[in-house]
Amino acid sequence: MSDLGAGFGYLIKGQRWAFGHGRWFGFGLLPGLITLVVYAGALVGLGYGADDFVAWATPFADDWSSPWSGLLRNTLVVLVFVLGLFLAVITFTAVTLLVGQPFYESLSEEVDRSEGGEVPESGLPLWQELWISARDSVRILVRVALYGVLLFALGFVPVLGQTVVPALGFCVSGYFLAEELTAVALQRRGMVLKDRLVLLRGRRMMVLGFGVPLALSFLVPFVAVFLMPGAVAGATLLARDLTAAPAPAPEPYTLNKG
């Protein structure tokens with residue numbers, strides 16, 4: 001439980017840092033605003049088209065008696081929209097980070113600089129950083145899609161599908177949101193995707209404490225845009241501590257018999 005609280009603490013510290021550095025906060029808003037406009041249009045389209053899609057996908061229910069046909073299709077409409085929201089929450093960060101790669105790199109470096117110590121730089125050209133970010137995001141999204149399909153199927157299980165499954169969905173969303181956000185700072189430290197996943201897996205509860213509240217807040221319209229600069233700052237603070245070299249163990253005391 002202490003790790004959960006610590007993870008949430010990094011999220012708060014990041015927001016505090018962003019709001020305390022107004023110029024960087026405004027700088028970090030731009031990629032999120034661009035992505036939000038695109039995603040809002042996509043979700044509105046999904047909301048209008050989900051009924052037709054479900055009706056097309058379930059022709060076998062046309063001859064069912066009332067209320068079973070309506071119950072099945074209404075349930076599927078809700079599940080399709082929830083799945084769309086789930087994917088939007090996950091992919092929003094990935095797409096925003098890709099669009100805003102130069103913005104968030106600079107913001108993350110400024111967090112490192114303000115905290116003192118080394119300010120790592122990847123030394124790679126921008127096009128190569130964008131390629132690595134896009135490639136890793138696709139790999140993460142494949143993992144998320146597999147979880148999404150599994151959770152979608154479990155959503156049909158009575159009671160479990162309406163209680164446990166949504167909670168698991170937010171845990172999956174939060175975990176991979178944290179991975180995407182910490183990637184900005186960890187890539188500058190030379191860590192590839194495999195190493196990043198191992199690092200985060202070792203502090204899973206802390207990662208969930210950071211990512212799950214963020215995933216929940218991203219469901220509120222416009223909130224994701226305003227939290228993104230602070231989320232990147234908080235993820236950088238989290239990455240700094242996760243990669244900090246442990247203090248050397250004290251040498252055992254020995255009695256000097258001389």
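**Internal spaces and a buried arginine**

Helix 6 supplies the largest share of the lining of the largest cavity, namely five residues. This comes from a predicted model, and the cavity is a convenient place to start a tour of the structure. One cavity of 30 Å³ or more is present, and the volume of the largest cavity is about 110 Å³. Its lining is made up of 14 residues, with S133, S137, E180, A183 and Q187 closest to the centre. Helix 3, helix 5 and helix 6 are the elements that each give two or more residues to this lining. Sorted by class, the cavity lining comprises six nonpolar, four polar and four charged residues.

The largest pocket comes next. Rolling a probe the size of a water molecule over the atoms shows where empty space is left. The space in the largest pocket amounts to about 410 Å³. Two or more residues of the pocket lining come from each of helix 3 (68-99), helix 5 and helix 6 (164-188). Here helix 3 gives the most, with eight residues. In total, 20 residues line the largest pocket, and V82, L83, F86, V165 and P166 lie nearest its centre. The pocket lining contains 13 nonpolar and seven polar residues, but no charged residues.

Helix 6 also holds R188, a residue worth a closer look. R188 counts as buried because its relative accessibility is 3%, under the 20% cut-off. The R188 side chain makes a polar contact with the side chain of D112, at 2.6 Å. Leaving aside residues up to four places away in sequence, R188 touches E105, S108, E109, D112, V119, P120, E121, S122 and T236.

The last of these contacts, T236, leads to helix 9 (residues 223-242), where T236 is placed. With a relative accessibility of 0%, T236 falls under the 20% cut-off and therefore counts as buried. Again without residues up to four places away in sequence, the contacts of T236 are S108, V111, D112, A185 and R188. S108 and D112 are thus touched by T236 and by R188.

L141 offers a contrasting case in helix 5 (residues 126-154). What does a relative accessibility of 27% make of L141? L141 counts as partly exposed, because 27% lies between the 20% and 50% cut-offs. Along the chain, L141 and V198 are 57 residues apart, and a distance of 17 Å separates their C-alpha atoms.

Conventions
Residues are numbered from 1 along each chain as its sequence is written. This is a predicted model: local features need pLDDT of at least 70, side-chain atom pairs count only at pLDDT 80 or more; totals for chains, interfaces and linings use all residues. Side-chain values use heavy atoms; hydrogens and water are left out. Helices (H or I, at least four residues) and strands (E, at least two) are DSSP runs, numbered from the N terminus. Buried means under 20% relative accessible area, exposed over 50%, partly exposed in between (1.4 Å probe, protein chains only). Contact means heavy atoms within 4.5 Å. On a 1 Å grid over the protein atoms alone, a cavity is a set of points where a 1.4 Å probe fits but cannot get out, and a pocket is an open set with protein on both sides within 12 Å along at least five of seven lines; lining residues have an atom within 4 Å of a point. Grid points are joined across faces, edges and corners, and a volume is the space filled by probe spheres set on the points. Ala, Val, Leu, Ile, Met, Phe, Trp, Tyr, Cys and Pro count as nonpolar, Asp, Glu, Lys and Arg as charged, and the others, Gly among them, as polar. A polar contact is a pair of N or O atoms within 3.5 Å; within protein, one must be able to donate a hydrogen and the other to accept it, and residues adjacent in sequence count only if both atoms are side-chain atoms.
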